[in-house]
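These are my notebook entries on a structure that I went through chain by chain. I set down what I looked up and what I found.

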Amino acid sequence: MDELALIRQAQRGDLDAFNRLVLAYQETLFNAALRILGDEDLAADATQEAFLSAFRALNAYRGGSFKAWLLRTVTNACYDELRRHKRRPTTPLEPDDADGEEIESPRWLADPGASPEEQLDQAELEHAIQHCLDALPADFRVVVVLADIQGLDYSEVARAVRVPLGTIKSRLARARLRLRECLQAFWELLPTAFRLQSEDKA
Amino acid sequence: MNHKPTFRDAEKISAYLDGQLSEAEARRVAARLESDPQLAEVAQKLRQARALLRQTPRRRVPRNFLLTPKIAGLKPPVPRAVPVFSWASAVTLLLFLFTLVGNLLGSLNYGAAAPERLLVAAPPSNIGGSPEGESPKLAGPTLQNTPTAEAEAYALVGPSESADVSAQALPAEQTQPEPPVNPWLIVWPALSALSLGIAGFSRWLSWRKFKKQLSKL
């Protein structure tokens, strides 16, 4: 069944149809929340909250990209989480083992299709990116996550964070420059494959 | 002459990389990037940041985020008939109260009018003892206007007992039969109860259907 038909059914209160949409988008929403919040538990809470809000406000959806609409709800949920947990310390990205040592390549990072070397490389890249994202102010982080990681266009990001298009352009440029500066520290540590890819794409 | 790139330049280049500039603006930025190595360096940094972010590994979800009816706070849908019958019930109840109040007021009016008639009807009993010429005009029309209750009383007691008419008139009026109960006083509550019953039954049917659907999930 196509997405629009599922949305229409869900708008009539069909929870089963909505849950099929949840399965299709839960990874997208969870990853967006994870990059914004930098904590898996908080990201899971925000994702659940976002789907609940989306179900309740589904009649407000008037077409357009459903992914962008859902990302808007998860952005709101992330802002709520950030406000709620402002003073609460968060769980580090790399969990500690029983001896308090940092586990370098946690099990939940593993991509079952990747070789151990690739998994390690991915973990290093993720660590570098998340570290630099966390160093950004929340408003900049949200914009860069939605635009560069989730691939929304400027107008969709502007609607999601409710700021003018010009502000999005400005925040995105500043966030990219700061991230590049921060990633510079990791540059030599980053796996060669990623460096080459980014050079190629550049 | 090239100058040190400003943040405004970086902002333009960033939008240029995303294809967010107008055609004319994009041409201008492209030309400047060709001729200005400092700007080209900024563009390179922005591209690298963007390219790395696009390679951010995706995490698998730690669990499913499916909504249960309890989480979603779903309630059984209200059948269309329920509001109709609920309103019908309320309306009939109001009509019942209206009828009841109307009846009460009617009986009060009747009760208030009775002594007046008695007072007016009293002169015939005192005809013998009263001085002649005492308001005969008053007695005449009053008797004519005497309500049917007295007349009926006469008819009921019959001519043999009508000798002491004035003496009998009072008890006859006091013991007159109760007026028949207004039938609407029974119909309205019955309709109200029926409407309420139908509304409740429809809701119960809907709730039972909803529970069955939930058990399938």
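**Entry 1: chain A as a whole**

I worked from a predicted model. I began with contact order: of the contacts in chain A between residues at least 6 apart in sequence, 61% join residues at least 24 apart. I then listed the secondary structure and found nine helices and zero strands in chain A. For burial, I noted that 49% of the 202 residues of chain A count as buried. The exposed area of chain A came to about 9,800 Å², with carbon and sulfur atoms supplying 47% of it.

**Entry 2: the interface of chain A and chain B**

I next asked how many residues of chain A are in contact with chain B. I found 58 residues of chain A in contact with 38 residues of chain B. The area buried between the two chains is about 4,600 Å², and carbon and sulfur atoms give 62% of that area.

For polar pairing I recorded 14 residue pairs in polar contact across this interface, both residues at pLDDT 80 or more. I then looked up which helices of chain A supply the side that touches chain B: α2 (15–37), α3 (40–56), α5 (116–134), α6, α8 (165–184) and α9 (192–201) each give at least two residues. Helix α2(A) gives the most, with 13 residues.

I also found four salt bridges across the interface of chain A and chain B. I noted a salt bridge between B:Arg59 and A:Glu40, whose closest N and O atoms are 3.8 Å apart. I traced a network of salt bridges that links A:Arg35, A:Glu40, A:Glu126 and B:Arg59.

**Entry 3: salt bridges within the chains**

My search of the whole structure gave 13 salt bridges over all chains. In chain A, I looked up the pair A:Asp148 and A:Arg176, whose side chains meet in a salt bridge at 2.7 Å, N to O. A:Asp148 lies in helix α6 and A:Arg176 in helix α8 of chain A, so this pair ties together parts 28 residues apart in sequence. Both A:Asp148 and A:Arg176 are buried.

In chain B, I found B:Arg8 and B:Glu11 joined by a salt bridge, with the closest N and O atoms 3.3 Å apart. Both lie in helix α1 (residues 7–17) of chain B, three residues apart, which is about one turn of the helix. B:Arg8 counts as exposed at 53% relative accessibility, whereas B:Glu11 is buried at 13%.

I also recorded a salt bridge between the side chains of B:Lys12 and B:Glu25 (3.2 Å, N to O). This pair links distant parts of the chain, with B:Lys12 in helix α1 and B:Glu25 in helix α2 (residues 23–35) of chain B, 13 residues apart. B:Lys12 is partly exposed at 29% relative accessible area, and B:Glu25 is partly exposed at 22%.

**Entry 4: two arginines of chain A**

Which side chain of opposite charge is nearest to A:Arg141? I found A:Asp134, 4.8 Å away; A:Arg141 is buried yet has no salt bridge, because a salt bridge requires the nitrogen and oxygen to be within 4 Å. A:Arg141 is located in helix α6 (residues 138–149). Beyond its neighbours within four places in sequence, A:Arg141 is in contact with residues including A:Arg35, A:Ile36 and A:Leu82.

Lastly, I checked A:Arg162, which has a positive phi of about 55° although it is not a glycine. Most residues other than glycine have a negative phi. A:Arg162 sits in the loop between α7 (154–161) and α8 of chain A, and counts as exposed at 56% relative accessibility.

How values were computed
Residues numbered from 1 in each chain as written. Chains lettered and ligands numbered in written order. Predicted model: local features only at pLDDT ≥ 70, side-chain atom pairs only at ≥ 80, totals over all residues. Heavy atoms only, no water. Helix = DSSP H or I, 4+ residues; strand = E, 2+ residues; numbered from the N terminus. Buried < 20%, exposed > 50% of the residue type's maximum accessible area, 1.4 Å probe, protein only. Contact = heavy atoms within 4.5 Å. Areas by Shrake-Rupley, 256 points an atom, 1.4 Å probe, with all protein chains shown as cover. Lys, Arg positive; Asp, Glu negative; His and termini not counted. Buried area = accessible area lost by both parts, 1.4 Å probe. Polar contact = N/O pair within 3.5 Å; in protein donor to acceptor, adjacent residues only side chain to side chain.
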